[in-house]
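Here is a short walk through one protein model. Keep the sequence and the 3D view side by side as you read.

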Amino acid sequence: MIVPDGSFDLEEDGDYTVVITAKFPTAGTLQINMGSWSANDQATFPVGASDEFQTIECDFAEWSVSAEGAHLLFDCGDFKGTTIVKKIKIIKGIQKPFNPAYIRYNFITKGKVAEVISNPNKKYRGIVEIPATVTHEGETYTVTKIGDYAFSSCNSLSSVTIPNSVTSIGHSAFLDCRNLTSVSLPNSVTTIGDNAFAQCYSLTSMIIPNSVTSLGADAFYLCSKLTSVLIPNKITHLPNGLFQSSGLTSVTIPNNVTNIGIFVFSNCKSLTTITLSNTQTSIGYYAFSGCAALSSVTIPNSVEDIDEGAFAGCSGLTSVIIPNSVESIKSNAFKGCSSLTSATIGSSVNSIGSGAFANCSLLADVICLAESVPSTATDVFNDSYIEYSTLHVPATSLNSYMNTDPWKKFQSKVAISNSEIPETPKCAKPEIS
């Protein structure tokens with residue numbers, strides 16, 4: 001019997017269970033075809049005898065559509081003509097181990113090593129466990145790499161276990177695996193490539209082993225459910241876009257990190273707190289832009305440069321203290337920080353770029369400790385209504401600020417003595433989290 005002859009809405013490379021409720025008078029074999037009814041799609045399932053209705057679940061963990069239109073062919077096999085069917089339904093999404101025989105490799109004969117590559121004929125799905133060694137033409141090869149694009153766009157993939165033999169995760173290896181929830185990375189991995197886990201929207205946690213010395217750009221881009229990540233102690237640079245649009249709630253950057261690239265934490269909208277490394281010298285281009293939930297940030301004394309747009313659009317940020325180590329604040333650095341009420345600018349700042357504090361509509365107090373008026377773009381405070389705000393500057397420099405744009409536009413200019421100059425708070429030694 002054919003049920004219902006072409007009307008099922010099945011996806012290519014989907015995982016399905018056919019659930020049949022029927023009476024089987026004698027024990028025997030149940031045959032089911034999926035897809036085009038070809039032999040490759042056929043499966044047989046043993047069934048015990050019963051005069052009562054019983055439910056049989058028939059799993060198709062590696063089924064693929066091989067013809068346009070999807071069909072279910074239910075052939076009773078040994079029961080033909082005697083079986084009484086009550087109900088048939090199809091359930092999508094079973095989680096079964098992927099057949100390791102379908103894992104495809106690139107074999108490097110000279111080194112007797114293998115790398116996992118994509119298998120376009122049998123996409124990876126469900127639970128995949130990669131072996132440490134594999135036999136090819138009578139020879140044993142060690143699996144050392146997950147190749148570029150190996151698992152890319154395998155939307156039915158749920159989890160992957162990687163053996164201790166693997167040292168490298170290739171470029172875009174797991175790109176756009178939308179239902180991937182977990183990946184077990186061994187301590188042997190040293191390199192994670194660009195876009196390696198980008199757009200893994202269901203990935204909830206990731207432990208990067210301490211063996212990793214290199215992280216690729218955009219490695220966790222758009223991992224929107226990823227709330228926590230352990231940054232290993234051998235990483236000195238956070239590359240461009242590393243956690244962009246991730247679901248991180250807090251960040252502690254360890255002292256081994258000296259540099260943050262562009263857009264590293266951009267649009268992490270759930271990020272509320274950050275602790276920066278005591279060794280980093282700059283905060284990168286738009287590194288924390290769009291982190292709307294960020295309410296506080298402590299900039300360490302090691303930072304010399306706040307790059308363009310570093311905190312732009314951080315609408316939850318209420319105050320900021322820029323330490324005396326900082327020499328330049330680039331354009332748009334704090335633009336659009338609409339909740340910012342006070343800003344303290346350190347004594348070493350010698351230049352402030354265009355729009356650095358623009359669109360900060362609640363900015364009421366600016367304390368600038370630089371005795372020499374910084375080279376300042378005229379639109380630094382655009383749409384921040386400084387004509388209703390107060391500027392606090394060293395007493396010896398008050399006249400210079402009063403006669404220089406845009407500083408002279410502040411409604412009030414207040415001289416501060418050395419005893420009133422706030423001390424930049426020192427950070428406690430941060431913990432890696």
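**Strands, sheets and unusual backbone**

Start with a single contact: in β30, the bridge partner of Thr344 is Ile367. This is a predicted model, where local features need pLDDT of at least 70, side-chain atom pairs count only at pLDDT 80 or more, and totals for chains, interfaces and linings use all residues. Residues are numbered from 1 along each chain as its sequence is written, and side-chain values use heavy atoms, with hydrogens and water left out.

Two terms come first. Strands (E, at least two residues) and helices (H or I, at least four) are DSSP runs, numbered from the N terminus. Two strands pair if DSSP finds at least two bridges between them.

Now widen the view around that contact. Strand β28 spans residues 342–345. Strand β30 covers residues 365–368. The two run parallel and are joined by 4 bridges. Strand β28 also pairs with β26, residues 319–321. That pairing is parallel too, with 3 bridges. Here Ser319 has Ser342 of β28 as its bridge partner.

Move back along the chain to another set of strands. An open sheet of 3 strands has the order β20-β22-β24, with parallel pairing. Its edge strands are β20 (250–252) and β24 (296–298), and each pairs on one side only. From one strand to the next, the twist averages 5°; such angles run from 0 to 180 degrees between N-to-C directions, with axes as lines fitted to C-alpha atoms. Within this sheet, β22 (residues 273–275) and β24 share 3 bridges. One residue pair to find is Thr273 and its bridge partner in β24, Ser296. In a regular strand the side chains alternate between the two faces of the sheet.

Next, look at the loops. Most residues other than glycine have a negative phi, and most peptide bonds are trans. Where does Asp176 lie? Asp176 sits in the loop between β13 (168–169) and β14 (182–184). Its phi is near 60°, a positive value. Asp176 counts as buried (under 20% relative accessible area, 1.4 Å probe, protein chains only), at 12% relative accessibility.

Tyr385 also has a positive phi, near 55°. The loop between β31 (375–376) and β32 (390–394) holds Tyr385. With a relative accessible area of 44%, Tyr385 is partly exposed, the class between buried and exposed (over 50%).

Finish at a cis peptide bond. The bond joins Asp405 and Pro406, and omega is about -5°. Pro406 is placed in the loop between α1 (398–402) and β33 (412–416).
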